[in-house]
Amino acid sequence: MQMRKEFLVRSLDLDVLLAAGSPGGSSCLTSTTTLEPAGGRHTSVAPAKFAPERGKGSVYAYEQRFLGDESRYAAIIDSKQSQLNRAEQALAQAIEDGHPLLSRVPHVQVTYERDGAVERYYDLTLPHRVFDGHIRAGTIDGVPTTQTPAYRAVRDASPANARALLETSPITLVFGGWDSSRRSRQGRWRSALVGEIVGFVAASRDETGLLSAPRTALRGGARVDPVGMQINLDKKTMTETANRQQAELSPVTHSKILKAANAIKVGTAESASALGLGGIPPTLDQLAGVACDTIIRTHVLSFATLRQMRFGAGVDGDAACRALLAALALNALARSDAELCLRANCDLVEAEQPKVRLDRRGGSFADVEPLSIDAADLLLGEALAHAEKVADITWSGLAMRVDGNPDIVSGALETGDAE
C-alpha cells in the first residue's frame, strides 16, 4: 500500500483558502475529534431519536461502519442535519448579539406578530434557508415576496452566477437549500459543510463471526408526587380544573383532558394523571442510553463543491468569493464545536484536540491547526476585505425584511399538537 504523504501547515490563512478555491485546489478539509462521556467511559450516552418506520415511539439509528480496519456498529449520536443546525444556530446567536463582523453577514428576516409580541426568524435557522415557505408566503413592503425583483434574483441564481445569493443569503450556499416548490428553474444547492457525531457500540457476533445488530435496552421512568402517588378527581372537578387552565394549555392537551373527564362515571373518581397530578411508578418503557468505547465527531468542508460556483467576478474574484464562503463555514464550525450541548443524558467532552487535515491531492495531506473562535473571526475578516477589494462584494447585514403571513402564524401549533 502506498504511504500517504503528510506535510505540516501551521495554520489556515487566506492564501490557503484562495488556493483551495481555485481550479485544481484541495478537494476538502476534514476535522475529526475524539469525544467521551463527561461522566467517564463507564457511563452511557443518549443517541439521537428517530421515528420508527412503523408504529409509534422512538428508535435509535445504527449503521455498520469501519473503525480502523474493524467493521463495527455505530449509533448516530448527532445526525448530519442536526450538526448543521447547530452551526447555523451559532452564527445566528452571534448576529443577534451584534457581533461586529458576523452582523455584516447578509441574511433574511421574517417577522410575525403573535399574542402582542414580535417574533423574528432568519434564513439561518429556517429549515429551507432562503427558499423556506415562511419567506415565500410573506410580503416585502406590501408586495408578495416571490413577486419582488430582489427575491426573483435570488431564486434565479445558478452555479454559473450565484452572486445574488452570496449578497443576500450566503448561508444557503454554505449549508445548502432546495427551491423545491418552484415550477421550473429550481435552485438546488448541496451543503458544502457536513458533519456528524457517531458512537461505536459493543456488539456481539454469532457463531460464524458475523456482527449481530445491537439491541437497545430499556430504562425505568417514574414521577413522584409529594402530595400523593394517586390523585383521583370526579368528572366535575377535572373538567373545571382543565377549563381554568385552558388559556395556558395547548388545544390538543385540553381536549385530551376533557375526554378523560367525560369518561368518568357519575359518583366515581378517576386518576387525574391527564392533568399532571399524581405519581408514576417505575416502569421499563423508555429507551436506555448506549455504551460507546469510541465517540467521533467529524466535519468535512468541500472545496470541490464551492468551486462549482461562479459569481461574475472573474477568475481571481470568484476564488475570493469561494474563500469568503469557506471562511464563513469555518467560523460556524469553530463556534458550534465550542458548544458541546446536545441533549439530556448526552453530555460529552473532547478527549483530544481536533485533528484538522487539508487534502493536497494525489494522496497528500497537510495537518492544520484547529481554528479558535478568535482565529476564525480574523480569517473571515480578511476574506471579506479581500472579496470586497477583488470581487466588489457587499456584505452589510440584514438584506431582506419579510413580513410573515398572519394566517400562517395563527395556524401554528406547539410540538406534539399536530396529530
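I take helices as DSSP runs of at least four residues, numbered from the N terminus, and with that in hand I looked up Ile257, which is found in helix H8, residues 251–262. I note at the outset that this is a predicted model.

**Ile257.** I checked its exposure next: Ile257 has a relative accessible area of 2%, and because buried means under 20%, I count it as buried. Leaving aside neighbours within four places in sequence, I found Ile257 in contact with Met238, Ala242, Leu249, Ala274 and Leu275. I also looked at Thr239, which lies 18 residues from Ile257 along the chain, and the C-alpha atoms of the two are separated by 7.6 Å.

**Helix H10.** I then turned to helix H10, residues 314–337, and compared its span with expectation: at 1.5 Å a residue its 24 residues should span 34 Å, and the end C-alpha atoms are 34 Å apart, which agrees. For the surroundings of H10, I noted that 21 of its 24 residues are buried, so this helix is largely enclosed by the rest of the structure.

**Strand E18.** Which strands pair with E18? I found that strand E2, residues 28–37, is joined by eight bridges to E18, residues 292–302, and that these two run antiparallel. Strand E13, residues 193–201, also pairs with E18 in the antiparallel sense, over nine bridges. To fix the register in each pairing I recorded one opposed pair: Thr32 stands opposite Thr298 in E18, while Gly195 stands opposite His299 in E18. I add as background that in a regular strand the side chains alternate between the two faces of the sheet.

Technical notes
Residues numbered from 1 in each chain as written. Predicted model: local features only at pLDDT ≥ 70, side-chain atom pairs only at ≥ 80, totals over all residues. Heavy atoms only, no water. Buried < 20%, exposed > 50% of the residue type's maximum accessible area, 1.4 Å probe, protein only. Contact = heavy atoms within 4.5 Å. Expected span 1.5 Å × (residues − 1). Pairing = 2+ DSSP bridges.
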